[in-house]
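Visitor: Please take one strand of this model and go through it closely. I would like to know what it pairs with and how the chain gets from one strand to the next.

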Amino acid sequence: MNGFLDYVRSLPKAELHLHIEGTLEPAMLMNLAEKHQVNLPYLTAADVERAYNFEDLQSFLDLYYLGASVLIDEDDFYSLMIRYLERCRDEGIVHTEMMFDPQTHTERGIDFSVFMSGFGRAMEDAKRQWGQSSLLIMCFLRHLPEESAFETLKAAEPFKSQISSVGLDSSELGHPPEKFERVYAAAGQQGYRLVAHAGEEGPPTYIVEALDRLKVERIDHGVRCMEDAELVGRLVKAQIPLTVCPLSNVRLCVFGTMADHPIRHMLKRGLNVTVNSDDPPYFGGYLLDNFQALHRELGLTMEDARQLAINSIRSSFIDEASSAAWLDQLSVPTP
Ligand code: HPA
Ligand code: ZN
């Protein structure tokens with residue numbers, strides 16, 4: 001019996017920062033490698049887990065793209081998605097906004113139609129079977145040129161009704177938001193909602209650029225804002241959502257230990273913070289594991305958890321009526 005965890009599970013929550021390719025479990029990775037005869041530098045799932053020992057974002061990304069290389073047919077994308085959505089059902093994540101990386105697949109000759117139909121079929125099954133609400137965020141890989149992002153935006157046109165938003169991920173340092181200003185403007189004109197990773201490893205100026213040049217509504221990570229008091233003031237005033245991923249931040253050495261994570265200071269300062277899992281098997285846990293680590297190592301309270309759940313629903317792109325209904329459930333004070 002764990003009172004804190006049971007309470008957090010019971011809260012209706014939205015997860016807003018989750019890479020679907022980053023939900024690939026070591027066992028599934030090994031099964032798919034065998035199915036498709038993909039050569040990997042691992043013999044067992046335990047070898048995979050041992051390799052998940054990162055020193056920075058790039059050392060993770062290298063293994064994340066290697067892992068994604070086993071995703072090949074429509075069923076692979078279906079299985080990946082349905083497993084994560086089942087996890088949402090079991091953790092009280094009533095709504096999720098999942099990022100996917102088309103270029104990781106199209107560069108290997110896998111067409112949009114393959115992954116979009118696998119994802120779409122799983123999302124429909126989860127909706128029909130237990131009412132799971134979910135949206136997709138299409139991310140551009142920032143280490144690739146602007147031209148490739150434009151090609152991706154074009155290739156997505158036939159699937160536009162399945163995609164809510166555009167995001168930006170991969171290697172942050174050396175690839176400032178400015179590089180994608182034009183493609184974001186085009187995506188915005190096409191009606192996509194806009195988000196971007198900024199201020200994970202990159203400096204606070206990348207957060208400013210994402211807001212001013214890319215015109216994003218939400219910042220993914222954003223933790224390095226704490227180095228710039230003026231920026232913090234702006235983020236508080238505008239209540240810009242920050243999709244913080246605590247286990248990810250520690251595993252990628254953005255902070256030394258969980259005890260050094262600034263999330264409670266961020267909450268106290270009035271920032272619109274949410275908690276998310278990013279790439280769960282790579283970073284040692286799903287959403288409830290993130291809450292548990294914050295509770296154990298930072299003293300996160302039930303009341304903090306309720307505030308974080310409220311922030312997640314408020315910051316989501318869910319429809320107004322559903323948002324109001326979830327917020328009503330969350331208005332009950334902590335026991
Ligand atoms: N940062 C940047 N790119 C990513 C991440 C992340 O945390 N996860 C998957 N791609
Ligand atoms: Zn991320």
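Guide: In this predicted model, strands β5 and β6 pair in the parallel sense, with 4 bridges between them. β6 covers residues 218-221, and its Ile219 stands opposite Ala196. To get from β5 to β6, the chain passes through helix α10, residues 204-212. This β-α-β crossover is right-handed.

β5 also pairs with strand β4, residues 165-169. The sense is again parallel, here over 2 bridges. Ser165 has Arg193 of β5 as its bridge partner. The connection from β4 to β5 runs through helix α9, residues 181-189, and this β-α-β crossover is right-handed. β5 thus has β4 as one pairing partner and β6 as another.

As for exposure, β5 spans residues 193-198 and is mostly covered, with 5 of its 6 residues buried. Buried here means that a residue has under 20% relative accessible area. In a regular strand, side chains alternate between the two faces of the sheet.

A separate feature of the model is its largest pocket, with a volume of about 340 Å³. Its lining has 21 residues, and those closest to the centre are Met123, Lys127, Ser133, Ser134 and Leu135. Elements that each supply at least two lining residues are β2 (93-100), α7 (112-130), β3 (133-141) and α17 (320-330). Sorted by class, the lining has 10 polar, 8 nonpolar and 3 charged residues.

Technical notes
Residues numbered from 1 in each chain as written. Chains lettered and ligands numbered in written order. Predicted model: local features only at pLDDT ≥ 70, side-chain atom pairs only at ≥ 80, totals over all residues. Heavy atoms only, no water. 1 Å grid on protein atoms, 1.4 Å probe; cavity = no way out; pocket = protein on both sides within 12 Å on 5 of 7 lines; lining within 4 Å. Points joined across faces, edges and corners; volume = space filled by probe spheres on them. Nonpolar A, V, L, I, M, F, W, Y, C, P; charged D, E, K, R; others polar. Buried < 20%, exposed > 50% of the residue type's maximum accessible area, 1.4 Å probe, protein only. Pairing = 2+ DSSP bridges. Right-handed = clockwise from strand over helix to strand, strands pointing away.
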